[in-house]
Amino acid sequence: MKICKVCLQSNILCSACSKKLDNGEIKEIDVKLSRELHRINKKRDTDLDFLSTVQDGGKLFVVVDGKHAARFIGPGGRNIKKLSQDLGKQIKLLEKTEGSDKHVIEKLIGAPVIGINKIYSDIESYKVRVEKRYMRQVQPLTDVVGKIIGKKVSFVFE
Ligand SMILES: [Zn+2]
């Protein structure tokens, strides 16, 4: 969760959590999502959590630990549907796993990576090679994947 226990249960933020929001460490949507998850957790006796969020248009990408992805979605997708409703946004779940960048990217995009060409300039950037047939699914995730792994990412389809 991105806010403390006290703030999860109230509608205002304590000074420590306000500070995080002010300095950009967390976003408004992280606060909302944390509180919604807390509500679901209490009601269903579970412990859903997330790592980060990326907003892209009307969509909210929620990055969760790979181990917890199934629980986050819930039986028949009920948890994720509830969250979408309450937050008024389409939610797309992205799994973050441990391991090599290749493995992490494959999990995020849900498609196999043929190879990664690393380009070193002022910032490290990745040219990620993916089969052409995954283009429609993968292309829209370009910015999101870059933000999640903290590198400049571009996809090449071949
Ligand atoms: Zn707090």
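Worked exercises on one predicted model follow.

Residue numbers start at 1 in each chain and follow the written sequence. As the model is predicted, local features need pLDDT of at least 70 and side-chain atom pairs count only at pLDDT 80 or more, while totals for chains, interfaces and linings use all residues.

**Exercise 1. Describe how domain 1 touches domain 2.**

Solution.
- Start with the bounds. Domain 1 spans 5–96 and domain 2 spans 101–157; such bounds come from an automatic or database domain assignment.
- Next, the spacing. The C-alpha centres of the two domains are 25 Å apart.
- Then count contacts. Domain 1 has 9 residues in contact with 7 residues of domain 2. Contact means C-beta atoms, placed from the backbone, within 7 Å.
- Locate the domain 1 side. β1 (52–56), β2 (59–65) and β3 (90–96) each give two or more residues to it. Helices (H or I, at least four residues) and strands (E, at least two) are DSSP runs, numbered from the N terminus.

**Exercise 2. Work out the strand order of the open sheet and find what packs on the sheet.**

Solution.
- Read the order: β1-β2-β3, 3 strands with mixed pairing. Two strands pair if DSSP finds at least two bridges between them.
- Find the edges. β1 and β3 each pair on one side only.
- Check one pair. β1 and β2 run antiparallel over 5 bridges. Thr53 has Val62 in β2 as its bridge partner.
- Add the helix. α5 (residues 78–87) packs on the sheet, touching β2 and β3, and its direction makes about 130° with that of β3. Axes are lines fitted to C-alpha atoms, for helices over the stretch in contact; angles run from 0 to 180 degrees between N-to-C directions.
- Add α8 (142–149). α8 lies across β1, β2 and β3, at about 155° to β1.

**Exercise 3. Explain why the buried residues of α6 line one face of the helix.**

Solution.
- List them. In α6 (residues 101–109), Ile105, Leu108 and Ile109 are buried. Buried means 20 or more other C-beta atoms within 10 Å of the residue's own; exposed means 12 or fewer; partly exposed lies in between, with C-beta atoms placed from the backbone.
- Look down the axis. The buried residues fall within an arc of 85°, so they line one face. The arc is taken from the directions from the helix axis to the C-beta atoms.
- Name the partners. They pack against β3, β4, β5, α7 and α8.
- Step past the end. Gly110, just after α6, takes a positive phi of about 65°.

**Exercise 4. Is Asp45 buried or exposed?**

Solution.
- Place Asp45: the loop between α3 (28–44) and β1.
- Count neighbours. Asp45 has 7 other C-beta atoms within 10 Å, so Asp45 is exposed.
- Note the backbone. Phi of Asp45 is near 50°, positive in a residue other than glycine.

Definitions and conventions. Contact = placed C-beta atoms within 7 Å.
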